[in-house]
Amino acid sequence: MNQRIVPLILAFALFMENMDSTVIATSLAAIAADIGTDPISLKLALTSYLVALAIFIPISSWMADRFGARLVFRCAMLVFMVGSISCAFSDSLASFVVARFVQGMGGAMMGPVARLVLVRATPRHQLVDAMAWLTIPALIGPIVGPPFGGFLTTYFSWHWIFIINVPIGILGMALAGLVLPKTMRNAPRRIDGKGFVLAGLAFALFAFGCSVLSLPALPPIYGAIAAVAGVIFGIVYAFHALRTDFPLLDLRLLSFPNFRVAVGAGTFFRLGQGATPFLFPLMLQLHFGMTPFQSGMVTFAGAVGALAAKFVANRIFARYGFKYPLVISTGISTLGMLAMGLYQPDTWIPLILAILVFVGFWQSIFWTGSNAFTFADIEDKDAGQANVISQVWGQLMFAMGVALGGGALELTHRLRGGGALELIDFHIAFYVVTAVCALSTLLFLRLPKNAGHQLLGGPHLH
């Protein structure tokens, strides 16, 4: 039953989320022009979505246990559709940011609930194969998103990239009602209300503060104050979590070495990767003379490589273990980001496409391996907490990646004395995020050769 239900959940939840995020990245310039703001300011809209995920993902497993995965999943899709419709009717930066936050509230319950069902129902030694096979439907979104969204934006209107979520969501809700069981997996434990408030404030203020530090529409002091306040709330939450029996995010799991490395290395990888969907399409449109449709046709090449990797990922990890594939995949992904900082308007497009396909393949290898490796030394009873911590921290780091890329872009722009954004501004921003992303490779190099062998059915010392 699992082999049929979970792919269906992932197919609709992750398809909508991934298509939506990749569509918006290719349409930033058009949306900014229409609602009367600039593309850099729109990074606040990208960040608000990811902040909503970071705030509400921590209660996703509790919601699934309390109300049932089916009800939570269907309600989440409804909220996501409401947010999508609100985005389509937005006429200002503020309204667009709020609408994206509503979308994030729905997204916070869709993907994590599906992933939690998968982790709980799959034996550990089959988890790599399950992660690879079950994420194939979700990869259709990034493949379809950029060219389809670019086509709608170029030849119709950017509003349609949000309206398209409505029929997809309705179909997903209907099928979820037919196939998902009503039963609850675990008895829900008491929710950590104080922890939810503290963690939510920490994530929201820090992400918002980092995002607006370089936002032209707001004084930087507002961002600095918000970021510092977020750090303070985070410290207070850490003390609270370590003194609470059932904290919202159980930080004690970081005592497990493999889990700690997965989270730590994933932090730097996500910081770098989070900036790319914001920087690269914008550079192609502003300085390579591409329309949103053309830039979408370029960026979707990475998703093609990612899809191909899903068919061989399990064999790669079964043959070589986790350490070396994770080192190689993060290293190649970092070099791919560096290449983006070297492209010129006359760079041969087939070369850019070939690099994107190759890098996309290895990025997909990383995500498959990292998603499974997160649970390498985690017991079944802690799987829900490990899932929540890795998801919420990962989404927060993606938000920070957007802020990092946008901040580097704006800082370079200001140091040059302002004016229009130049190609060199984008190149330097890519160099900054490349340096951050490279730290993930260094952390994975410290893993023992047989790290995570229990997920692969035996020791792997190749």
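The following paragraphs lead through the fold of a predicted model, from the whole chain to individual helices and their contacts.

The protein chain contains 19 helices and zero strands. Of its 462 residues, 58% are buried. Among the contacts in the chain with a separation of 6 or more, 84% are accounted for by residues 24 or more positions apart.

Toward the N terminus, helix 1 covers residues 2-35, and the loop between helix 1 and helix 2 holds Gly36. With a relative accessible area of 69%, Gly36 counts as exposed, because that value lies over the 50% cut-off. Gly36 also illustrates a pairing across sequence distance: its C-alpha atom is separated by 8.2 Å from that of Asp91, although the two are 55 residues apart along the chain.

Helix 2, which follows that loop, comprises residues 43-56. Its length can be checked against a simple expectation. At 1.5 Å a residue, its 14 residues should span 20 Å, and the C-alpha atoms at its ends are indeed 20 Å apart, so the two values agree. In contrast to the exposed Gly36, helix 2 is mostly covered, with 14 of its 14 residues buried.

Helix 12, spanning residues 257-287, offers two helix pairings to examine. One of them is with helix 18, residues 383-415, where the axes come within 6 Å and cross at roughly 40°. That angle makes helix 12 oblique to helix 18, because it is neither under 35 degrees, which would count as roughly parallel, nor within the 65 to 115 range of a roughly perpendicular pair. Helix 12 passes helix 18 in a right-handed crossing. By class, the residues in this contact are 15 nonpolar, seven polar and one charged.

The other pairing is with helix 13, residues 292-299. Here the axes of helix 12 and helix 13 come within 9 Å and cross at roughly 135°. Helix 12 is therefore oblique to helix 13, since a roughly antiparallel arrangement would require an angle over 145 degrees. The crossing of helix 12 with helix 13 is right-handed. On the helix 12 side, the contact involves Phe280, Pro281, Leu284 and Gln285, and these meet Pro292, Ser295, Val298 and Thr299 in helix 13. Sorted by class, this contact has five nonpolar, three polar and no charged residues.

Taken together, helix 12 is oblique to helix 18 and oblique to helix 13, and its crossing is right-handed with helix 18 as well as with helix 13.

Conventions
Residues numbered from 1 in each chain as written. Predicted model: local features only at pLDDT ≥ 70, side-chain atom pairs only at ≥ 80, totals over all residues. Heavy atoms only, no water. Helix = DSSP H or I, 4+ residues; strand = E, 2+ residues; numbered from the N terminus. Expected span 1.5 Å × (residues − 1). Buried < 20%, exposed > 50% of the residue type's maximum accessible area, 1.4 Å probe, protein only. Axes fitted to C-alpha atoms, helices over the stretch in contact; angles between N-to-C directions. Left-handed = near helix turned anticlockwise from the far one by under 90°. Contact = heavy atoms within 4.5 Å. Nonpolar A, V, L, I, M, F, W, Y, C, P; charged D, E, K, R; others polar.
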